[in-house]
Amino acid sequence: MGDAHRIGVVGLGVISRAYLDTLVGRDAVRVTAVADLDASRSAAVAAELPGVRALSVEELLNSPDVDTVLNLTVPAAHAEIALGAVARGKNVYGEKPLAAELADAQAVLEAAAKASVRVGCAPDTVLGTGVQTARAAVEAGAIGRPLFASAVMITPGHERWHPQPDFYYAPGGGPLLDMGPYYLSSLVHLLGPVRAVIGASSRLRSERVIGSGPRAGERIPVEVDSHVSGVLEHEGGALTTLTTSFDGVGTTAAPIEVHGETGTLTLPDPNHFDGEVRLQELGGSDRRALPPSAGYVGGARGVGLLDFVAADGGSPARASGELALHVLETMTALLRSSAEGRRIELSTSVERPAPVPLTPVEQWR
């Protein structure tokens, strides 16, 4: 364990447990410190994990026992924590989005480049067998030349289950910035980067009611658009129609479909690592399931961080800051397009991440 990459976790909300379950006890990484604005929370987590210290955020950022800061704070704090880690010569890997504002995300990557440290960002669900099997099928020519895709995410809103849902309806939140990264990262893997967007959005309810936990029944304000639709123009010419909403009860639409000249692929929910990929070929009436052929088998939150650590030797990380920046610009451009009523051309692009070969659980863990 002496050569293990040392991780310090900032932010111990709901998602942190999934990361810790993946990271603790691995050979390649070692969680050395945790921090949260609620000191009692960090103390409780540290007490469960041998060798892990509970520190203040400032102490963790300054700790010589941390190589990479795992940034699990709310979106509004992503840039501040990332810049603090970079300023102290540490790598940073964060939850999505990379930052609440595009300029802040750009500042993080610029600062990291100057400091010669690395930036990674979720989602890593796209590295699982669901999206990666679909990508392998596209690249093998299973649907011929890809022509267009659809991506749909519709829920009633996270306040129904999350006990502290305020940040979902604050700047940096909303259905697009919260859930869009799963879909857009998948689409970059499948169809390549985006060159331009056209968007429309709405906010027809000014408040939401918390449905669970100690604040159940409390009303919270909605500060961002809760329904966003748009069209993405990919650099290769394919088009994607995208819908993300916290305003619908449910949908029967497939999370992602990719349509080509000779076939259609149906993908599982990109918020999960696996799931069934189905192919319907031209002239056929049935959609057959494809066996998993690529991706991290049995993937779990944090596999992207393990991939990030493994890439330290020089190969680009798949869950990279550059990909997260391009996804964030795509999302903010959709919102700008809606506000300004015009097509927006993007200023960023990104190389498609390397595909993930079929990797059994015992190998990546």
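This short talk walks through a few strands, loops and one helix of the structure shown above. Please keep in mind throughout that we are looking at a predicted model.

Let me start with strand S5, which is covered on both faces: Asn91 and Tyr93 are buried on one side, and Val92 and Gly94 are buried on the other. As general background, side chains in a regular strand alternate between the two faces of the sheet. On the S4 side, four bridges join strand S4, residues 68-71, to S5, and the two strands run parallel, with Thr68 standing opposite Asn91 in S5. Between these two strands the chain passes through helix H4, residues 75-87, in a β-α-β crossover that is right-handed.

S5 is also joined to S6, in this case by three bridges and again in parallel, and here Val92 stands opposite Val119 in S6. The chain gets from S5 to S6 through H5, and this β-α-β crossover, too, is right-handed.

Now to the loops around these elements. In the loop between S5 and H5 we find Pro97, which is joined to Lys96 by a cis peptide bond with omega of about -10°. Further along, in the loop between H5 and S6, sits Ser116, which has a positive phi of about 60° although it is not a glycine, and which is exposed, with a relative accessible area of 67%. After S6, in the loop that leads to helix H6, comes Pro123, and the peptide bond from Ala122 to Pro123 is likewise cis, with omega near 10°.

Finally, helix H8, residues 303-310, is mostly covered, as seven of its eight residues are buried, among them Leu305, Leu306 and Phe308.

Terms used
Residues are numbered from 1 along each chain as its sequence is written. This is a predicted model: local features need pLDDT of at least 70, side-chain atom pairs count only at pLDDT 80 or more; totals for chains, interfaces and linings use all residues. Side-chain values use heavy atoms; hydrogens and water are left out. Buried means under 20% relative accessible area, exposed over 50%, partly exposed in between (1.4 Å probe, protein chains only). Two strands pair if DSSP finds at least two bridges between them. A crossover is right-handed if, with the strands pointing away from the viewer, the path from the first strand over the helix to the second runs clockwise.
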